[in-house]
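I opened the notebook to look up a few backbone oddities and the surroundings of a ligand. The entries follow the order in which I checked things.

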Amino acid sequence: MSRNKMIWNPERECAEREQMHDLQSRQLTSMIRRMYDHVPFYRDRLKAAGIEPGDIRSADQLKMLPFTTKSDLRDNYPFGLFTVPQSEVIRLHASSGTTGKPTVVGYTRQDIDLWAEVVARSLTMAGIHSGDTIQIAYGYGPFTGGLGLHYGAEKVGATVIPISSGNTRKQLQFMTDFNATALACTPSYAAHLGEHILKEGIPPEEIRLRAGIFGAEPWSNEMRREIENMLHIKAYDIYGLSEVIGPGVSMECDCQHGSHIFEDHFIPEIIHPETLEPLPDGEVGELVFTTISKEAMPLLRYRTRDLTRLHRGKCPCGRTLVRMEKCLGRSDDMLIIRGVNVFPSQVESVLMEMAETSPHYLLIVRRENNLDTLEVRVEINEKNWSDSIRELEGIRRRIEHNIKSLLGISAIIRLVEPNSMERSDGKARRIIDYRKQ
Ligand code: DLL
């Protein structure tokens, strides 16, 4: 037996388009039947759209079906969208959200196995196998990051360090003493750990990391390079959302030409966020998922609010699974500053291109005298922090100029001292919008 277990499914991951379409169509047909029979919410929605379960025979018919939104999940809180009796549900997760009731998701045993399978396939894409030791610094609990990565990592046979988030000192101690070769956490926390390593003067040979499995929040390619340089690793993007399953909806392979969506389980579509019409491959719009093999809580055309675009066509890695580009951000996070649309990740790209800034920043939006203002607060790194006002003013002007010329908006730039901004061990808060308060 091979020592390094590779968990992947070449038949599915490298399937011809036609084969994948057949599989999706079969699965979709039976999922619609199950939803119709067991969930009054879906039955009513399908009836209202004039659809009987037998009408749907092909994945091409998806566009005829109604959407599901986060507020539908809230309205059916907590278990209204479950298709199985509670005795078959072996796990509940929940995402807190900023307002209102949490979103609850349930898993049967088969769902947990499916989740472990897609996360294991994701880790395999990043070259992680049974010889690796993976430090899981995503939060364990109702958030899907910790336990999601955990089961997938066990499935590939890696040694798991289930340290959860926070406690940076202990993270570094475990990382060095237990020879971690992979790190899984949010990119903002990875950047924070990287800074600590430099600050503590830990010799690079004591850090054996070679791969990072980062996601749960938008992050730019410039941030990726920053983290890679600090930790001397290759950083991979993992994407997912609790409602669909958790982490492991899509993952970057070694080629890093977008993240492969496990479309044998989750069918993606891109729609226009306002007209809700499907958009062709290559156009940016809102990502929508239909789950076709989940048991406890399948979802029909779930609107993620995440904006990206899809690319088909074979990847040099051999996989034919459709790829999604790095998420631009959530439509809810798009800032409209005096008529210009800006995503925090675009500001991040500009900041991270500069040698003087650290990966810690915050965007503050206000309305003053009926005019929108954007303040970009960014930490300068230790090396470039200076007592000379002239030097700092030079940096401030360059940031102002780069944001203006690359994004087309004027921003008020405020430079702050190294280590003065709040650190997050989970999803970083990047925006305060006083217009919404
Ligand atoms: O964040 C699941 C997850 C855990 C993914 C660990 C990756 C790693 P939620 O808390 O439900 O689930 O948040 C889902 O986070 O709709 C996106 O807006 C955002 N998100 C997740 N992964 C990425 C990513 C988890 N790689 C929401 N890039 C999603 C950009 C991401 N945004």
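Where is histidine 232 found? I looked it up in the model, which is a predicted one. Histidine 232 sits in the loop that runs between helix H9 (221-231) and strand S7 (234-241).

**Entry 1: backbone angles**

I went to histidine 232 for its phi, which is positive at about 55° although the residue is not a glycine. I noted the background to this: most residues other than glycine have a negative phi. Next I asked myself whether histidine 232 is buried or exposed. Its relative accessibility is 57%, and exposed means over 50%, so histidine 232 counts as exposed.

I then turned to arginine 305. Arginine 305 is not a glycine either, yet its phi is positive, at about 75°. I found arginine 305 in strand S12 (residues 302-308). Its relative accessibility is 31%; partly exposed covers the range between under 20% and over 50%, so arginine 305 counts as partly exposed.

**Entry 2: a peptide bond**

Which form does the peptide bond from tyrosine 77 to proline 78 take, cis or trans? I read omega as near -10°, and the bond is cis. For context, most peptide bonds are trans. I located proline 78 in the loop between helix H4 (70-75) and strand S1 (91-95).

**Entry 3: the ligand**

Which residues come nearest to the ligand? I listed 20 residues around the ligand, and the nearest of these are Asp237, Ile238, Ser242, Asp306 and Lys427. By kind, the shell divides into nine nonpolar, five polar and six charged residues.

I also noted some polar contacts. In lysine 427, a polar side-chain atom lies 2.8 Å from an oxygen atom of the ligand. For alanine 216, a backbone N or O atom lies 3.0 Å from a nitrogen atom of the ligand. A backbone N or O atom of proline 218 is 3.5 Å from a nitrogen atom of the ligand.

How much of the ligand's accessible area does the protein cover? On its own the ligand has 600 Å² of accessible area, and the protein covers 94% of that.

Last, I checked which elements give two or more residues to the shell around the ligand, and they are helix H6 (144-156) and S7. S7 gives the most, with five residues. I had already met strand S7 (234-241) in my opening question, as one end of the loop that holds histidine 232.

Note on methods:
Residues are numbered from 1 along each chain as its sequence is written. This is a predicted model: local features need pLDDT of at least 70, side-chain atom pairs count only at pLDDT 80 or more; totals for chains, interfaces and linings use all residues. Side-chain values use heavy atoms; hydrogens and water are left out. Helices (H or I, at least four residues) and strands (E, at least two) are DSSP runs, numbered from the N terminus. Buried means under 20% relative accessible area, exposed over 50%, partly exposed in between (1.4 Å probe, protein chains only). A residue is near a molecule or strand if one of its heavy atoms lies within 4 Å of it. A polar contact is a pair of N or O atoms within 3.5 Å; within protein, one must be able to donate a hydrogen and the other to accept it, and residues adjacent in sequence count only if both atoms are side-chain atoms. Accessible areas come from the Shrake-Rupley method with a 1.4 Å probe; for residues, only the protein chains shown count as cover. Ala, Val, Leu, Ile, Met, Phe, Trp, Tyr, Cys and Pro count as nonpolar, Asp, Glu, Lys and Arg as charged, and the others, Gly among them, as polar.
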